[in-house]
Amino acid sequence: MPLLRVLALCAAATPALLFAQSAPRQLTDADYQRAERMLGASTAPLVHGIAGRATWLPDGRFWYRASTVAGGDYVLVNPARRTRDAAFDHARLAAALGTASGTTVSAAALMVQTIDPVARTVTATAGTRAFRCELSTYVCAEAPRAAARSVAPPNSSVSPDGARAVFIRNHNLWVRDLRTGAERAVTSDGVEDFGYATNNAGWVHNDNPVVSWSADGTRLSTFQHDSRGVDHMYLVSTNVGSPQLQQWRYPLPGDSVIFRVSRIVVSFDSASFATVTRLQMPPDAHRSTVSDHIACGGAVCDLQWFADNSKVAFLSSSRDHKEVWLRIADAATGAVRTVLHETSTTQIGDASHPEDLWRVFPATNEFIWWSDRDDWTHLYLYDLTTGQLKNRITTGTGNVSGIVRIDEKARRIWFTANGKDEARDPYFQHLYRVNFDGSGLTLLTPEVANHSVTLSPDGRWFTDTYSTPDTPPVTVLRDANTGRLVRELERADISRLTATGWKAPTPVRMKARDGQTDIYGLLYTPSTLDSTRKYPIINYIYPGPQSGSVGSRSFSPARSDHQALAELGFVVVAIDGMGTPGRSKTFRDFYYGRMGDNTIEDQVAGMKELASRYRFIDIDKAGMWGHSGGGFATAAAMFKAPDFFKVGISESGNHDNRNYEDDWGERYHGLLVRTGATDNYTAEANQTHASKLKGKLFLIHGMMDDNVPPYNTLLVVDALMKANKDFDLIMLPQARHGFGADGAYIMRRRWDYFVQHLQGNTPPKEYQMGRLAPGR
């Protein structure tokens, strides 16, 4: 071959190919810029044709905003007529708003709050001002201000009718009447460490009250939070001058005393005077079935009001999560009765379950209950008085993942589920309907994809947006009884995205450590992949148990920095190993009581299988990184598979669950049991195995992390030093758990570390993240 031709080929070689050469290479800012363009800030604006959430109107029509190249358009849909039209003339409305506000308003950037096609009006904002526009004339006038009302105080919860707001003051619950502005104490006996509606789970602590309002806003349910006797967590600030001490109650696994809650009901009269009724029962452990907190979006988890507000139904969970009781309380008297008692050998529910996967029906004296008792999450119908099972509602393989709608009169349920069709990806979510007696099961979303649905209030129609990790979303309108396609609404356009060289991840299926169980993941490769070359492989991990590494099975133009890392000359993989949610209970509970397992053996088995399938993977250059639980897993991988993983970056890891909040460890590992000088948590703690480190380990933690305290990482540091091991460490002086403003810096350092130690190349010096123009 002529020398000039050889030189020409070398000059044309793509950057990813050059990275794969054996000779070390100096990467440049341009290399990092190309990678940075694969982050969400640059890729998301290049996708259009995405339908926003539908706003349903009283006459059965609905509107939504669809993204466009320029910005967005508002669309009005009439399901009965199968029509889809522009909700108004965007150019004329922009001009009218501009005239009324004295500003320039773009037709593609309208900020519309309401559309009334019957009255032919729109409310929209221009700047900070609200306007009401007549569509018959396209004339806008500043919207009249609402009648003067008192403003809700900061950190408060407003009743559904907007009449009152409750807040915490000096450990007591107070109410402000928003019609008059009058404030008064609801309780008076709250004291430090025994206050009302306290939002403290150890890892979460703030001043927002935790309350569940009745539908009419005349009653609420909350609790008196008892943290007396619970030990403190401490953090110390980094600043000029004397450091500031932060301390709060933070229970740990094995503590003799944890948070307890004494439940109450508060009833308000028309003037917001309150009556407090204590429920006639002992305090509950600070536990729920769906979280390691008892607050769900500001409301009390596992609690439902009766429609007439006379009673409240709630779940009590044992400290170890192996028992749960369904109870009914009389709101006026506080009398409590237990309806159902469920047990498990591991744990009942977890943070992957929705909060409302059970419902009470006082009118028919029934309730719907969910259970994993036959290895899958199914629905059951019970008698509300006796607690006796009437019949199963769902059966077979697959998990019910959400209740979307219940028609009590027709005795029919619309629900989402995954894994019911063994021929499909077990993580894809679909919508079904079924009758209370278990008959009439109907699949309403037939496409093999992950479906996100919104039903109309009257239950006749639903919008369905479906996609996969490697196919963009399509939004359609369907008949809610049959699933019949009414019409297509939007089809995402990713042509501008693919024009940049972007490529979708590849869904992959592998075998777990047992050689039999299927596990699933996503594989990311350089956009300029040369299959004849070898690329180091990086495993991004979040081991669960409440979520996995892959995340949503819907389309996304960017997931963390996976594709960005791939652009630097790596193969990146995310694998959901055994012990993560979405599968059978046996699969989900695989490493219950052995949290140090962290799915590591499944990760290794999956990566080796991928390397045998894709020869461009250099399995001898394997790295891993993860954050929080993924930080725990990464350090564990470096210690427990030291000959396989050569480089690891462990961020904010809960390396010893004896040093993390009590609810997490006690749910997934069980209660701490001491045996002489040791206990059943010791073998799972990372510092126990730190002396086995062989590769390059980078530990990172925020010193103000009030979720996973930084002492978790410092325990590992101490053990590594005692074992005379080399490692790298950054303790971020101001950062909380997610790193906040330090996140971009840590991402760049992460890229540098893998480039240097896994590739053997040299990164650009102190590349500055965040300087790319949006969408570029």
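Begin by selecting Ala 417, which stands opposite His 430 in β35, and keep in mind throughout the tour that the model on your screen is predicted.

Next, widen the selection to residues 412-418, which make up strand β34, and to residues 429-435, which make up strand β35; these two strands pair in the antiparallel sense over 7 bridges. Then bring in the neighbours on either side, and you will have an open sheet of 4 strands in the order β33-β34-β35-β36, with antiparallel pairing. If you now select 399-407 for β33 and 442-443 for β36, you are looking at the edges of the sheet, where each of these strands has a single partner strand, so that one side of each is left without a neighbour in the sheet.

From the sheet, turn to the enclosed spaces, for the structure holds 6 cavities of 30 Å³ or more. The largest cavity contains about 70 Å³ of space, and to find its centre you can select Tyr 524, Pro 557, Ala 558, Arg 559 and Gln 563, which are the closest to that centre among the 13 residues of the lining. Taken by class, this lining is made up of 6 nonpolar, 4 polar and 3 charged residues.

For the last stop, select Gln 347, Pro 545, Gly 579, Arg 588, Asp 589, Tyr 591, Tyr 592 and Tyr 668, which line the second largest cavity. About 60 Å³ of space lies inside this second largest cavity, and if you colour its lining by class you should find 4 nonpolar, 2 polar and 2 charged residues.

Notes:
Residues numbered from 1 in each chain as written. Predicted model: local features only at pLDDT ≥ 70, side-chain atom pairs only at ≥ 80, totals over all residues. Heavy atoms only, no water. Pairing = 2+ DSSP bridges. 1 Å grid on protein atoms, 1.4 Å probe; cavity = no way out; pocket = protein on both sides within 12 Å on 5 of 7 lines; lining within 4 Å. Points joined across faces, edges and corners; volume = space filled by probe spheres on them. Nonpolar A, V, L, I, M, F, W, Y, C, P; charged D, E, K, R; others polar.
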